[in-house]
Amino acid sequence: MSELREARTLSLFVAGVLVGCLVATCGYALVERGRNTSARDGAVVLKLGHSLDTAHPVHLAMERMAESLAQKSGGALRLLIAPNGQLGSETDCIELLQNGALALTKTSSAPLEAFVPEMALFGVPYVFRSEEHFWRVAEGPLGDELLAAGETAGLVGLCWYDAGARSFYTKKTPVQSPGDLAGLKIRVQNSQTALRMVEALGGSPTPLTFGELYTGLQQGLVDGAENNPPSFHSSRHFEVCKEYSLDEHTRVPDVLLVSRIWWDRLDEQQREWLREAALESAEWQRTEWRRRTEEALAAVEEAGVTVRRPDTAAFAEKVAPMHASYEGTPIGDLMRRVRETE
Ligand code: GCU
């Protein structure tokens, strides 16, 4: 057996043991494929899969949600969180929601665009004027429409989590202008819009899942990637990438989704608890995000990363043809509504 296979077998074994312990300590009886997932004491257990690690502020927000849900329901409705991509990539988890094998997932809205095409709006670079502008859209009627847009695809949107702005990081090439991306293989999320964005800026996009990225960077499969500071920090990609350029090209929020199949099984009261707990956790996460972003930037600098603040105008100019290409399309209409939001 090769070293790689041995390591993989071992990590699968460790993951299996960990999930086993989690299930055992919580006293849950996870019935086949989650269909009848219920605790021994008759409580309904909702399993939530996502790809971030447990130090990430979005994971912490969902832990709070689990606590609040247990409290509101007196333990009758519980959330069991499987982090770190244990249940598969973000795309895998969305598919599991569609067939009811998983109750909830927290995904970036980027891979969601393959299921809910309207989500591509967030992948268009420099479509929001500022962080405040982004939130006026996300918290306004357009944000609500987008959360509801997945229902026909079997996906009920509960809330947005702040995922800040995404910027490029590379192993060693400083990215001070789009020209510096030439010839660099940049990892992108599983999203056509992300692919087009990196191409428009002059880099070579390479799709990889988040879970594959650390090794992909280490082994030189890609020269860099892009993400917000808390994710760059908590994923430890900064150990391999020593250049981070805050060009803030996109604001791609995270979104909490429930499987339509599970949603329909819950009664009104259970849905209400779920909605309230989700919204409260999102509110907490938003108040934390700015501080966590600053802390992440300080921590990566401390670890030897050069953080640059390039002139974003040069990047925005480069994507003008990409913006123009959406004219007359549904995404073009959504972009217009974003522009018109004060
Ligand atoms: C962000 C986002 C994750 C996503 C990741 C990625 O960190 O919060 O949900 O997986 O970006 O780049 O894939």
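# Exercises on a Predicted Structure

The lining of the second largest pocket comprises 10 nonpolar, 1 polar and 6 charged residues. The model examined in these exercises is predicted.

## Exercise 1. The second largest pocket

State how much space lies in the second largest pocket, and identify which elements supply at least two residues of its lining.

*Solution.*

Step 1. The space in the second largest pocket amounts to about 400 Å³.

Step 2. Its lining is made up of 17 residues. Those nearest the centre are Leu147, Leu158, Cys159, Trp160 and Leu279.

Step 3. At least two lining residues come from each of the helices α5 (131–138), α6 (141–148) and α11 (268–302), and likewise from strand β6 (155–161).

## Exercise 2. Salt bridges between elements

For the salt bridge of glutamate 90 with lysine 106, determine which elements the pair ties together. Then do the same for glutamate 226 and arginine 166.

*Solution.*

Step 1. The structure holds 19 salt bridges in total. In one of them, glutamate 90 pairs with lysine 106, and the closest N and O atoms are 3.8 Å apart. This distance satisfies the criterion of within 4 Å.

Step 2. Glutamate 90 belongs to helix α3 (residues 90–98) and lysine 106 to strand β5 (residues 104–108), so the pair ties together parts that are 16 residues apart in sequence.

Step 3. A residue is assigned as buried when its relative accessible area is under 20%. Glutamate 90, with 15%, is therefore buried. Lysine 106 is buried as well, its relative accessible area being 2%.

Step 4. A salt bridge also joins the side chains of glutamate 226 and arginine 166, with an N to O distance of 3.1 Å. Glutamate 226 is in strand β10 (residues 224–227) and arginine 166 in strand β7 (residues 166–170), so this contact ties together parts that are 60 residues apart in sequence.

Step 5. Glutamate 226 has 2% relative accessibility and so counts as buried. Arginine 166 is buried too, with a relative accessible area of 5%.

## Exercise 3. A salt bridge within a helix

Locate arginine 260 and aspartate 264, and decide whether each is buried, partly exposed or exposed.

*Solution.*

Step 1. Both residues lie in helix α10 (residues 260–265), where they are 4 residues apart, about one turn of the helix.

Step 2. Their side chains meet in a salt bridge at 3.4 Å, N to O.

Step 3. Arginine 260 has 30% relative accessibility and therefore counts as partly exposed. Aspartate 264, at 44%, also counts as partly exposed.

Step 4. Elsewhere, salt bridges with shared partners connect Glu288, Arg291, Arg292 and Glu295 into one network.

## Exercise 4. Positive phi angles

For arginine 236 and glutamate 248, give the phi angle, the location and the exposure.

*Solution.*

Step 1. Most residues other than glycine have a negative phi, so a positive value in such a residue merits attention.

Step 2. Arginine 236 is not a glycine, yet its phi is positive, at about 65 degrees. This residue is found in the loop between α9 (229–234) and β11 (243–250). With 44% relative accessibility, arginine 236 counts as partly exposed.

Step 3. Glutamate 248, likewise not a glycine, has a positive phi of about 45 degrees. Glutamate 248 is located in strand β11. Its relative accessibility is 38%, so glutamate 248 counts as partly exposed.

Notes:
Residues are numbered from 1 along each chain as its sequence is written. This is a predicted model: local features need pLDDT of at least 70, side-chain atom pairs count only at pLDDT 80 or more; totals for chains, interfaces and linings use all residues. Side-chain values use heavy atoms; hydrogens and water are left out. Buried means under 20% relative accessible area, exposed over 50%, partly exposed in between (1.4 Å probe, protein chains only). On a 1 Å grid over the protein atoms alone, a cavity is a set of points where a 1.4 Å probe fits but cannot get out, and a pocket is an open set with protein on both sides within 12 Å along at least five of seven lines; lining residues have an atom within 4 Å of a point. Grid points are joined across faces, edges and corners, and a volume is the space filled by probe spheres set on the points. Ala, Val, Leu, Ile, Met, Phe, Trp, Tyr, Cys and Pro count as nonpolar, Asp, Glu, Lys and Arg as charged, and the others, Gly among them, as polar.
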